Amino acid sequence: MSSMQQVLAAWRPVSVKAPLQPPGRRHLRGSDFRWAIAFVFPYAAVFFVFVVYPFGYALWMAGRPSLYAELIADRSYLPTVVNTLLFVGLGVNVKMFLALLLSGFFLRRRWWIRALLGIYVLPWVIAAAQACVSFHWMLQGQGLVNGLLSALLGIDGPAWFNDRWLALGWDIIVYIWKWMPFWTVIFLAARMKIPHEIYDAAEVDGATGARCFVYVTFPLLTNLYLLCTLLSTLWTVGDFTTVYLVSGGGPGGSTDVLATLGFHYAFDTARPALGVAAVLSALPVLIPVVILLMRRLETSEVEI
Amino acid sequence: MSIAVASGQPARRRYRLRRAIVEAGSIMLAIVLLIWSLLPVYQMLLIALDPEEGEIEFDGNIWTPEPSLEGFRAVVTQEARYLEHFWHQFGNSLFVGLLTMVLTVLIGSLASFAVARMRLSKGSLLTNAALLTYAIPASFLIVPYFRIMHSYGLSENLWAVIASQVTFATPFAILILQLYGSFVPFELDDAARVDGASAVQVYWRIYLPLVIPALAVVAIYALLLAWNDYLYAAVLLAVRNMTVAVTQGQLFSDTDAPWNAMMAAAIIYVLPPIALLFALRRYVVAGLTMANVTE
């Protein structure tokens with residue numbers, strides 16, 4: 001119970017005012033107030049039972065400082081941190097940037113580009129586990145990728161998963177493959193909302209192509225882009241399936257990220273407290289990201 | 001007049017040339033994207049249509065010489081190894097996916113309505129706190145969840161997975177609904193209230209119908225989150241009560257699996273979300289367009 005209060009106390013300063021509070025608030029009258037409380041109750045219950053309590057539990061499990069000393073002493077921990085930074089840093093930024101560029105391509109009004117969009121979102125719809133396993137086997141010894149390489153280019157492809165950097169590279173590529181469509185659709189929707197007049201005006205002033213993108217489109221989308229990047233960073237740190245089912249952390253655990261390392265500690269070597277400590281060691285980096293995200297949401301203006 | 005035509009000619013030619021280059025570039029990009037998006041799907045199809053139990057090695061054939069539906073038959077009749085309980089597992093996946101979807105839409109819309117539309121004071125504390133859920137990435141809570149679900153009496157229960165998925169989908173739902181809801185004029189609520197509608201009626205008759213596009217986005221997002229989940233189902237469920245995604249994950253280390261049937265199962269598993277996405281596509285486009293924040 002005390003850990004729960006601690007958590008609440010620690011969180012309070014962050015929660016400032018609502019981002020989209022309408023002007024002219026008034027006090028709710030009796031029955032309305034009761035209804036509003038009743039409406040909020042289900043989520044509040046979910047939040048306390050499935051977020052606050054498990055999080056407090058995790059803090060309690062991983063509260064001993066000796067666990068962190070043990071973690072640093074473990075030789076697989078620091079490489080894992082490096083992998084996580086690379087996986088998240090490259091994965092999120094490359095994905096977001098490509099998604100932004102591609103959203104411009106899908107904006108073109110051609111029937112075949114519309115049709116392509118339908119195929120392009122397939123990776124998002126295919127379950128992550130299946131896609132990852134499919135990639136895993138495609139990259140094995142004589143799988144599809146090496147088969148195509150030798151058939152088309154006459155190269156003998158390497159054993160992709162015997163090298164730490166190649167394996168990690170494929171983890172990142174598969175991750176981008178899986179999640180780029182989702183963000184492309186988000187950016188596409190945002191760009192569809194930019195009024196045509198703005199581009200017409202820019203064209204009169206002589207801005208075309210790349211200049212139009214740099215001086216017109218991007219400034220309009222900066223806020224959304226930052227928001228999405230922050231949100232995606234948080235989600236990617238928690239991505240378990242990609243690394244677990246593409247490289248499997250191999251060779252020899254050298255491509256593990258924090259999520260899979262924590263899993264190994266907890267379920268393979270039966271050291272749950274150490275597993276929780278491994279993932280919680282990312283919190284000092286994650287909490288500032290969340291605070292930044294909330295600030296962004298507050299300052300963002302919504303226009304019709 | 002003739003001067004104007006003469007000077008207009010090269011400009012027009014340059015314009016045509018640029019158009020042709022852009023067009024060719026688009027087509028090249030389209031081909032690259034097509035291959036990029038479809039490569040794993042192609043591999044799935046190639047193996048699923050193989051008449052033999054199949055192997056994952058690529059034998060140089062771009063297309064199976066004699067495509068057969070043997071793999072699909074083995075799935076439907078549950079004959080293949082790993083797939084003895086396929087339809088039961090498929091039912092589990094559907095149950096988890098649909099309930100995650102419905103509960104996320106319901107809980108998220110109720111909370112957003114109370115906070116943004118009824119202007120519950122201090123309600124924004126809750127919706128802000130919701131975003132804090134993402135400070136703890138989903139996979140980080142798996143160990144505490146594993147323990148806690150035991151103490152809640154939900155171990156090896158599908159509801160444990162549903163609870164975890166709803167927990168991680170609802171903050172995004174609230175975010176989207178709040179962004180979208182700000183476009184729905186408040187005057188509508190006020191007018192209905194003057195006419196004597198209760199809070200529940202305003203929620204059900206005015207708020208929900210007006211935010212349908214946002215609800216569609218949330219529904220797709222929640223369904224796909226649950227559909228994509230591997231970790232929570234793998235850890236929280238018993239072997240006999242798995243979802244399809246977890247069964248497919250077992251293929252990771254088994255070179256000897258009945259590949260054609262497993263890939264056929266994978267293809268069947270992809271169909272429900274595609275159907276939903278197709279059914280809701282108009283709303284999804286509208287919802288995403290409106291809910292986007294631009295500065």
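1. Sequence separation of contacts. In this predicted model, contacts within chain B are mostly between residues remote in sequence: of those joining residues at least 6 apart, 79% link residues at least 24 apart. The corresponding figure for chain A is 73%.

2. Secondary structure. Chain B has 13 helices and zero strands, and its order along the sequence is α-α-α-α-α-α-α-α-α-α-α-α-α. The radius of gyration of chain B is 26 Å, whereas the globule rule gives 19 Å for 295 residues, so chain B is more spread out than a compact globule. Chain A likewise has zero strands, with 15 helices.

3. Extent and burial. Along the principal axes, the C-alpha atoms of chain B occupy a box of roughly 90 × 70 × 35 Å. Of the 295 residues of chain B, 49% are buried. In chain A, 41% of the 304 residues count as buried.

4. Domains of chain B. The assignment splits chain B into domain 1 (2–76) and domain 2 (86–291). Taken over C-alpha atoms, the centres of these two domains of chain B are 33 Å apart.

5. Contact between the domains. On the domain 1 side, 13 residues of chain B meet eleven residues of domain 2 of chain B. Two elements of chain B, α1 (2–48) and α2 (70–76), give two or more residues each to the domain 1 side. The largest share, five residues, is from α2(B). By type, the domain 1 side of this contact in chain B has seven nonpolar, two polar and four charged residues.

6. Contact between the chains. Chain A puts 95 residues into the contact and chain B puts in 85 residues. On the chain A side, helix α2 (residues 30–61) of chain A gives the most, with 18 residues. The chain A side of the contact with chain B consists of 71 nonpolar, 16 polar and eight charged residues.

7. The nonpolar core. The largest nonpolar core has 179 residues, and the members that touch the most others are B:Ala114, B:Ile176, B:Val218, B:Ala233 and B:Ala265. Although these five residues are in chain B, the largest share of the core, 17 residues, comes from helix α9 (residues 164–193) of chain A.

8. Helix α9 of chain B. What span should the 17 residues of helix α9 (residues 212–228) of chain B have at 1.5 Å a residue? The expected value is 24 Å, and the end C-alpha atoms of this helix of chain B are 24 Å apart, which agrees. Since 14 of the 17 residues of α9(B) are buried, this helix is largely enclosed by the rest of the structure.

9. B:Gly123. This glycine lies in helix α4 (residues 123–132) of chain B. Is B:Gly123 buried or exposed? There are 23 C-beta neighbours inside 10 Å of B:Gly123, and the cut-off for a buried residue is 20 or more, so B:Gly123 counts as buried.

10. Surroundings of B:Gly123. Leaving out residues up to four places away in sequence, B:Gly123 touches A:Val40, B:Ala114 and B:Val115. One of these, B:Ala114, is also among the core residues that touch the most other members. The C-alpha atoms of B:Gly123 and B:Ser112 are separated by 9.2 Å, with the two residues eleven apart along the chain.

Methods. Residues numbered from 1 in each chain as written. Chains lettered and ligands numbered in written order. Predicted model: local features only at pLDDT ≥ 70, side-chain atom pairs only at ≥ 80, totals over all residues. Helix = DSSP H or I, 4+ residues; strand = E, 2+ residues; numbered from the N terminus. Rg over C-alpha atoms; globule rule 2.2 N^0.38 Å. Buried ≥ 20, exposed ≤ 12 C-beta atoms within 10 Å, placed from the backbone. Contact = placed C-beta atoms within 7 Å. Nonpolar A, V, L, I, M, F, W, Y, C, P; charged D, E, K, R; others polar. Expected span 1.5 Å × (residues − 1). Core = buried A, V, L, I, M, F, W, Y, C linked by C-beta atoms within 7 Å. Domains from an automatic or database assignment.
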